[in-house]
Amino acid sequence: MAKQYIEPQKRYEDHRSTGFLFLIIGIIGAAAVILCWTGVFKFPLNGFQLGILLAMFIAFIAFGLWSFKRASEVAKTIASENDHVANMRKWISENRDGFCVSDTSGLSGSEIFFQREQDIHDAIIAQYPEIDESLLDILVEETYQALFEQM
């Protein structure tokens, strides 16, 4: 299954909210375990079980901090990635009329569809060879719709 393209702003928000969730759960859980160890809370758990729980909540805290780090890395790339995608869309809209030049006579409806999609795909890959496959799929679909489904 192909990976779906997610816009950088959405990736930032996902990492940030994941960071908050894991950090809060980790801190609350670690505090509860420490309170159990000190005898404030009475749960039927032995020291080993409390140690495992504490390790798990510390891992939650670490994962939350890692998610915040990833969010800050994504935040640094939002503007440049959005600009790059906008430039791709601009180039596609300026050049899309020359994309589907293959002879489709003798092809059935579904074969024509796949031939046109392949032509669009090849044209975009020729201009942007390093494009992410999930973004390419979106751009091919958008271009196909703009060229053939509005007629």
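This is a short tour of aromatic pairs, a nonpolar patch and salt bridges in a predicted model.

**Stop 1: aromatic rings**

Across the whole structure, a search returns 9 aromatic pairs. Begin by selecting Phe-22 and Phe-60, whose rings sit edge-to-face, 5.3 Å centre to centre and with 70° between the planes. Phe-22 belongs to helix H1 (residues 8–38) and Phe-60 to helix H2 (residues 47–95), so this pair ties together parts that are 38 residues apart in sequence. Phe-22 is partly exposed at 25% relative accessibility, and Phe-60 is partly exposed too, at 22%.

Move next to Phe-113 and Phe-114, another edge-to-face pair, with 5.1 Å between centres and 70° between the planes. Phe-113 is partly exposed at 26% relative accessibility, while Phe-114, with a relative accessible area of 53%, is exposed.

Then widen the first selection: Phe-22, Phe-57, Phe-60, Phe-63 and Trp-66 make up one aromatic cluster.

**Stop 2: a nonpolar patch**

Select Leu-35, Val-40, Phe-41, Phe-43 and Leu-45 and show the surface; together they make a nonpolar patch of about 440 Å². Leu-45 is located in the loop between H1 and H2 and counts as partly exposed, at 35% relative accessibility.

**Stop 3: salt bridges**

The whole structure holds 6 salt bridges. In helix H1, pick Asp-14 and Lys-10, which lie 4 residues apart, about one turn of the helix. Their side chains form a salt bridge at 3.2 Å, N to O. Asp-14 has a relative accessible area of 31% and is partly exposed; Lys-10 is partly exposed at 43%.

Go on to helix H2, where Lys-69 and Glu-73 are again 4 residues apart, or about one helical turn. The salt bridge between their side chains is 2.9 Å, N to O. Lys-69 is partly exposed, with 48% relative accessible area, and Glu-73 is partly exposed at 30%.

For a contact between helices, select Glu-142 and Arg-89, a salt bridge whose closest N and O atoms are 2.8 Å apart. Glu-142 is in helix H4 (residues 133–149) and Arg-89 in helix H2, which places the two 53 residues apart and links distant parts of the chain. Both ends are partly exposed: Glu-142 has a relative accessible area of 33% and Arg-89 has 36% relative accessibility.

Finish by adding Arg-70 to the Lys-69 and Glu-73 selection: salt bridges with shared partners join these residues into one network.

Technical notes: Residues are numbered from 1 along each chain as its sequence is written. This is a predicted model: local features need pLDDT of at least 70, side-chain atom pairs count only at pLDDT 80 or more; totals for chains, interfaces and linings use all residues. Side-chain values use heavy atoms; hydrogens and water are left out. Rings of Phe, Tyr and Trp (its six-membered ring) pair if their centres lie within 6.5 Å; planes under 30 degrees apart count as stacked, over 60 as edge-to-face and the rest as tilted. Buried means under 20% relative accessible area, exposed over 50%, partly exposed in between (1.4 Å probe, protein chains only). Patches are made of residues with over 30% relative accessible area and no salt bridge: like charges are joined within 9 Å, nonpolar side chains (Val, Leu, Ile, Met, Phe, Trp, Tyr) within 5 Å. Accessible areas come from the Shrake-Rupley method with a 1.4 Å probe; for residues, only the protein chains shown count as cover. A salt bridge is a side-chain nitrogen of Lys or Arg within 4 Å of a carboxyl oxygen of Asp or Glu.
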